[in-house]
Amino acid sequence: MALIPKSPTINLCRPNAHAIPLVFQSDTPDPRDVVFLQDTTGSQGPYIQSARKAIRDICDKISGSGRLSKDLIRFGLIAFRDHPPQDKTYVTKEFGFTSDVDVMQKNLASLVASGGGDGPEAQTAALAAALNMDWAENAVKMVILITDSPPHGIGEASDGFTESPDRKSLDGRRFAT
């Protein structure tokens with residue numbers, strides 16, 4: 001994944017893939033809350049350093065744009081792995097919101113790719129955790145999911161679960177895509 005600078009849009013892309021524009025216009029003074037959901041299972045080993053750098057670059061670009069005061073921009077991070085018995089370290093690890101990019105970088109530096117079990121991972125647990133974060137009431141809210149695997153419960157051959165273990169925590173919730 002690479003960051004392609006272009007103001008006021010941030011474009012994310014994988015090698016040989018189309019860019020995904022993230023637009024942060026500041027027509028209103030509403031705060032911006034941006035949460036990154038980072039897969040930290042073993043399969044992320046070859047990619048986690050690049051993901052850390054891309055997240056840092058995004059945070060730096062948004063904070064340094066001057067389009068919003070730094071106190072109106074908050075970043076959050078949730079690391080996720082897998083559900084027991086596939087992984088016994090953690091399902092999600094929440095770091096909360098911060099406006100301090102240095103704190104965000106410290107949180108990112110603590111991420112280690114390890115564990116996991118079957119092919120699918122606990123993205124839906126990370127989404128549920130994101131829904132329960134302390135979002136600013138009037139914030140423009142964005143969640144960015146970084147993973148290389150599908151969620152549990154969609155019929156993958158290597159899935160150790162027939163349905164999502166997080167189904168109850170997500171029932172009735174709607175997501176804009």
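The following exchange examines the terms applied to this structure.

User: What kind of model is this, and how are residues numbered?

Analyst: This is a predicted model, in which local features need pLDDT of at least 70, side-chain atom pairs count only at pLDDT 80 or more, and totals for chains, interfaces and linings use all residues. Residues are numbered from 1 along each chain as its sequence is written, and side-chain values use heavy atoms, leaving out hydrogens and water.

User: What makes up the secondary structure of the protein chain?

Analyst: The protein chain has four helices and seven strands; these are DSSP runs (helices H or I, at least four residues; strands E, at least two), numbered from the N terminus. Their order from the N terminus is β-β-β-β-α-β-β-α-α-β-α.

User: Why is a set of residues called a nonpolar core?

Analyst: The term denotes buried Ala, Val, Leu, Ile, Met, Phe, Trp, Tyr and Cys residues joined through side-chain atoms within 4.5 Å. Buried means under 20% relative accessible area (1.4 Å probe, protein chains only). In the largest such core, of 20 residues, Phe36, Ile55, Cys59, Phe75 and Met104 touch the most other members. Helix H1 (48-64) is one of the elements giving two or more residues to this core, and H1 gives the most, with six residues. Apart from this core lies another, of 10 residues, including Leu37 and Phe97.

User: Which residues are in contact with Ile55, leaving aside its neighbours within four places in sequence?

Analyst: They are Phe36, Gln38, Met104, Leu108 and Ile146. Contact here means heavy atoms within 4.5 Å.

Key:
Buried means under 20% relative accessible area, exposed over 50%, partly exposed in between (1.4 Å probe, protein chains only).
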